Amino acid sequence: MKSLAFVLILCLVTLGGFAQNKKALEKIESARIALITERLELTPAQAEKFWPLYREYNMQRKQLRQEFRQMRQELDLKELSDEKSEEFMQKRLEWKQTELNLEKKYAERLSEVISSKQLLRLRSAEEEFQRRLLERIQQQRQRQLQNQQRMQRQQMMQERNNN
């Protein structure tokens, strides 16, 4: 099963510009589901109850983070007064508390479906998937850069040969 998740992720890497491609994003999601399912050793009955809850949690977490990002983008840190800085710091702490409350709420709900041991492995599996995905993205960017450099060298060689 370990190799299945790895192969799925590896397949994603071969897709050019996969972050912009809806089909590729679906494959990334499938790979994430496969890895988490494997790491948590979910039974079919657990998976049936786990995934809707987990998706709901992720959607709420994503929305919360999006709201914070938007709030942060609206600030001009160079022109921020002490008062506004203090206000932002307070909002940031409130946001972190809201995020923690959300995590607690879903930890309770998920613990009705999966064991506490599986719940602990969930965070580890999420981090592993993110790390692997970032590594693959970095590798793909490196390959693209190398290909660009190779193409530039070939063009320079052709120009030299034509002159």
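How many aromatic pairs does the structure hold? This predicted model holds six aromatic pairs, and the views below pick out some of them, along with the pockets and one helix.

**View 1. The whole chain, for orientation.** The protein comes to five helices and zero strands, so there's nothing but α-α-α-α-α to read along the sequence. Of its 163 residues, 28% count as buried. Among contacts in the protein with a separation of 6 or more, 71% are between residues 24 or more positions apart.**View 2. An edge-to-face pair within helix α3.** Trp-51 and Tyr-54 have ring centres 5.4 Å apart and planes at 90 degrees; with anything over 60 degrees counting as edge-to-face, that is the class this pair falls into. Both residues belong to helix α3 (residues 44–73), where they sit three residues apart, about one turn of the helix. Buried or exposed, Trp-51 and Tyr-54? Both are buried. Add Phe-50 to Trp-51 and Tyr-54 and you have one aromatic cluster.

**View 3. A stacked pair between α3 and α4.** Here Phe-68 and Phe-88 form a stacked aromatic pair, at 5.9 Å centre to centre with 25 degrees between the planes. This pair links distant parts of the chain: Phe-68 comes from helix α3 and Phe-88 from helix α4 (residues 82–111), 20 residues apart. Phe-68 is buried, and Phe-88 is too.

**View 4. The largest pocket.** The space in this pocket comes to about 710 Å³. Its lining counts 17 residues, and the closest to the pocket centre are Arg-32, Asn-58, Arg-61, Lys-62 and Gln-130. Three elements give two or more residues to the lining: α2 (22–40), α3 and α5 (116–162). Which of them gives the largest share? That's α3, with eight residues. Sorted by class, the lining has 10 charged residues, five nonpolar and two polar.

**View 5. The second largest pocket.** This one has a volume of about 200 Å³. Tyr-57, Arg-61, Glu-103, Tyr-106, Ala-107, Leu-110, Leu-119, Leu-120, Leu-122, Arg-123 and Glu-126 line the second largest pocket. The elements giving two or more residues to this lining are α3, α4 and α5, and α5 takes the largest share with five residues. By class, you get seven nonpolar residues, four charged and no polar ones. If you're flipping between this view and the previous one, keep an eye on Arg-61: it's in the lining here, and it's also among the residues closest to the centre of the largest pocket.

**View 6. Helix α2, end to end.** How far apart are the end C-alpha atoms of α2? They are 27 Å apart, which agrees with the 27 Å that its 19 residues should span at 1.5 Å a residue. The buried residues of this helix are Ala-24, Ile-28, Ala-31, Arg-32, Ala-34, Leu-35, Ile-36, Glu-38, Arg-39 and Leu-40. Arg-32, for one, is buried and also turns up among the residues closest to the centre of the largest pocket. Just past the helix, α2 is followed by Glu-41, which has a positive phi, near 55 degrees.

Notes
Residues are numbered from 1 along each chain as its sequence is written. This is a predicted model: local features need pLDDT of at least 70, side-chain atom pairs count only at pLDDT 80 or more; totals for chains, interfaces and linings use all residues. Side-chain values use heavy atoms; hydrogens and water are left out. Rings of Phe, Tyr and Trp (its six-membered ring) pair if their centres lie within 6.5 Å; planes under 30 degrees apart count as stacked, over 60 as edge-to-face and the rest as tilted. Helices (H or I, at least four residues) and strands (E, at least two) are DSSP runs, numbered from the N terminus. Buried means under 20% relative accessible area, exposed over 50%, partly exposed in between (1.4 Å probe, protein chains only). On a 1 Å grid over the protein atoms alone, a cavity is a set of points where a 1.4 Å probe fits but cannot get out, and a pocket is an open set with protein on both sides within 12 Å along at least five of seven lines; lining residues have an atom within 4 Å of a point. Grid points are joined across faces, edges and corners, and a volume is the space filled by probe spheres set on the points. Ala, Val, Leu, Ile, Met, Phe, Trp, Tyr, Cys and Pro count as nonpolar, Asp, Glu, Lys and Arg as charged, and the others, Gly among them, as polar. The expected span of a helix is 1.5 Å times one less than its number of residues. Contact means heavy atoms within 4.5 Å.
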